[in-house]
Amino acid sequence: MVENKSPKKALITGITGQDGSYLAELLLEKGYEVHGIIRRASTFNTARIDHLFSDPHEEGTKLFLHYGDLSDGSRLVTLLESIRPDEVYNLAAQSHVRVSFDEPEYTGNSTGLGSIRLLEAIRMVGLDCRYYQASSSEMFGATPPPQNEDTVFYPRSPYGAAKLYSYWVTRNYREGYGMFAVNGILFNHESPRRGETFVTRKITRAVARIKAGMQDELFMGNLDAVRDWGYAPEYVEAMWMMLQHDTPDDYVVSTGTDYTVRDFLQLSFEHVGLDWEKYVKFDERYLRPTEVDALVGDSSRARNALGWVPKVLTPELAQIMVDSDIKALEAEGTHYIDKVVKK
Ligand code: NAP
Ligand code: G4F
């Protein structure tokens with residue numbers, strides 16, 4: 001007899017973000033029914049997932065979006081009750097470290113308390129689901145590299161402190177209530193869908209614009225910071241792998257390589273034959289009250305237990321992002337000619 005198994009259901013918070021969009025793609029490819037929580041905004045905020053939509057009235061639709069917010073606990077309860085997902089990926093957060101110094105209370109509310117609202121909603125509904133928490137290498141803060149799952153945490157920003165709270169409540173719900181709840185401690189990961197104010201994307205967008213003659217200066221902060229930059233589509237695969245493992249655990253996900261912001265500038269400008277030093281200027285507004293000097297991860301546990309191995313490393317990543325930003329500018333130009341000039 002052929003077994004008629006219904007597809008697994010996943011709920012993603014932060015589905016409109018960089019990682020949420022790649023994770024939704026991955027899960028849809030794997031046959032999941034995917035539900036995403038989006039925030040009501042006065043402008044559309046679904047650009048990263050628009051290509052995944054089909055008409056919601058059509059049969060066979062696999063992607064469903066629901067209004068909600070991590071600050072609204074009762075809404076999380078009603079959503080979980082109606083969707084009853086098998087897997088919950090908590091990716092929503094105020095995710096910008098510099099901004100967390102400007103909006104510390106809001107960051108604590110969404111990036112920290114948001115997680116316990118979701119965990120508590122799962123517990124209240126009595127759902128037997130697997131839970132992924134988007135933890136961050138930013139929690140290691142001032143502790144020098146290499147950092148792994150046993151490294152002492154020393155957050156250096158309201159964002160890092162809020163993520164550390166979420167990390168611990170995830171472990172607490174695992175140990176206290178026997179939930180299958182895991183922390184993915186992900187190091188910086190980037191892509192053409194990276195938010196425009198994070199350092200890599202800020203650089204690659206500027207390179208495309210400078211090459212096109214649309215910009216001639218780029219203002220930056222601390223160029224000495226060391227980061228371990230990986231490729232976002234590979235990192236969301238690690239999230240999924242963590243929830244398929246037999247037992248719940250916490251995992252560092254990183255490439256183990258170290259590059260400075262200055263290196264990333266050089267790699268990106270060189271890719272289009274430009275000398276970065278001619279364009280980059282310093283602006284103290286991009287400095288942080290406390291900086292995280294160096295993050296370089298040791299992801300041996302993820303390699304050994306999950307078989308996860310990073311493929312795209314920083315030099316290739318910079319090229320992928322610059323090429324994509326150049327293409328996007330060219331497409332914008334064509335769009336402009338079509339809409340305005342040819343009218
Ligand atoms: P991102 O692009 O900034 O996306 C954040 C997502 O969270 C967006 O969908 C955003 O919605 C949503 N969001 C923000 N506040 C919310 C709230 N109060 N309620 C509901 N949704 C809310 O971040 P990302 O790079 O994809 O990262 C995903 C997660 O991993 C974040 O938690 C981040 O802190 C964490 N993380 C990221 C990295 C990295 O290098 N990318 C590394 C470690 C950990 P809108 O689109 O409406 O703003
Ligand atoms: O790209 P960034 O803003 O990323 P940051 O602070 O490392 O945080 C990212 O990675 C974390 C994982 O460790 C995530 F949890 C977090 O959500 C986020 O995705 O800055 C990287 C470095 C910093 O040292 C910063 O001081 O670049 C330095 N930097 C120098 N000039 C700059 C700039 N950063 C930004 N955003 N803009 C600048 O002009």
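Let me start with ligand 1, which has 25 residues around it, the closest being Thr-16, Asp-19, Ser-95, Tyr-159 and Lys-163. Please keep in mind throughout that this is a predicted model.

Looking at the polar pairs around this ligand, a backbone N or O atom of Asp-19 lies 2.8 Å from an oxygen atom of ligand 1, and a polar side-chain atom of Lys-163 is likewise placed 2.8 Å from an oxygen atom of the ligand. On the nitrogen side, a polar backbone atom of Leu-70 sits 2.9 Å from a nitrogen atom of ligand 1. On its own, ligand 1 has 900 Å² of accessible area, and the protein covers 89% of it. As for which parts of the fold supply this shell, the elements giving two or more residues are helix H1 (18–29), helix H4 (104–125), E5 and H5, and the largest share, three residues, comes from E5. By class, the shell around ligand 1 divides into nine nonpolar, eleven polar and five charged residues.

Now to the second ligand. Here 23 residues form the surroundings, and the closest are Ser-136, Ser-137, Tyr-159, Arg-288 and Glu-291. Tyr-159, then, is listed among the closest residues for ligand 1 and also among the closest for ligand 2. An N or O atom in the side chain of Arg-288 is 2.5 Å from an oxygen atom of ligand 2, while a polar side-chain atom of Lys-202 lies 2.7 Å from an oxygen atom of that ligand. Gly-221 takes part through its backbone, with an N or O atom 2.9 Å from a nitrogen atom of ligand 2. Taken alone, ligand 2 exposes 710 Å², and the protein buries 96% of that. The shell around ligand 2 has nine nonpolar, eight polar and six charged residues.

Gly-221 brings me to Asp-283, which touches Phe-219, Met-220 and Gly-221 once residues up to four places away in sequence are set aside. Asp-283 is placed in the loop between strand E13 (280–282) and helix H9 (300–306). Is Asp-283 buried or exposed? With a relative accessible area of 16%, Asp-283 falls under the 20% cut-off and therefore counts as buried. A polar atom of the Asp-283 side chain also lies 2.9 Å from the backbone nitrogen of Arg-285.

Another acidic residue that I would like to go through is Glu-190, which belongs to strand E7 (residues 189–190). Its relative accessible area is 1%, so Glu-190 is buried. Leaving out residues up to four places away in sequence, Glu-190 touches Gln-18, Thr-200, Trp-229, Gly-230, Tyr-231, Ala-232, Leu-317 and Met-321. With one of these, Thr-200, the side chain of Glu-190 makes a polar contact of 2.4 Å. To place the residue in the wider chain, Glu-190 and Asp-246 are 56 residues apart in sequence and 29 Å apart in space, C-alpha to C-alpha.

Pro-145 is the last residue on my list. It is found in the loop between strand E5 (130–136) and helix H5 (158–177), and E5 and H5 are among the elements that give two or more residues to the shell around ligand 1. Pro-145 counts as partly exposed, because its relative accessibility of 33% lies between the 20% and 50% cut-offs. Apart from residues up to four places away in sequence, Pro-145 touches Ala-294 and Val-296. Pro-145 and Thr-43 are 102 residues apart in sequence, and their C-alpha atoms are 41 Å apart in space.

Let me finish with the chain as a whole, which contains ten helices and 13 strands. The radius of gyration is 21 Å, close to the 20 Å that the globule rule gives for 343 residues, so the chain is as compact as a globular protein of that length. Along the principal axes, the C-alpha atoms fill a box of roughly 65 × 55 × 40 Å. Of the 343 residues, 50% count as buried, and the accessible surface comes to about 16,600 Å², with 50% of this belonging to carbon and sulfur atoms. Finally, among contacts between residues at least 6 apart in sequence, 80% join residues at least 24 apart.

How values were computed. Residues are numbered from 1 along each chain as its sequence is written. Chains are lettered from A and ligands numbered from 1 in the order in which they are written. This is a predicted model: local features need pLDDT of at least 70, side-chain atom pairs count only at pLDDT 80 or more; totals for chains, interfaces and linings use all residues. Side-chain values use heavy atoms; hydrogens and water are left out. A residue is near a molecule or strand if one of its heavy atoms lies within 4 Å of it. A polar contact is a pair of N or O atoms within 3.5 Å; within protein, one must be able to donate a hydrogen and the other to accept it, and residues adjacent in sequence count only if both atoms are side-chain atoms. Accessible areas come from the Shrake-Rupley method with a 1.4 Å probe; for residues, only the protein chains shown count as cover. Ala, Val, Leu, Ile, Met, Phe, Trp, Tyr, Cys and Pro count as nonpolar, Asp, Glu, Lys and Arg as charged, and the others, Gly among them, as polar. Helices (H or I, at least four residues) and strands (E, at least two) are DSSP runs, numbered from the N terminus. The radius of gyration is taken over C-alpha atoms; the globule rule is 2.2 Å times the number of residues to the power 0.38. Buried means under 20% relative accessible area, exposed over 50%, partly exposed in between (1.4 Å probe, protein chains only). Contact means heavy atoms within 4.5 Å.
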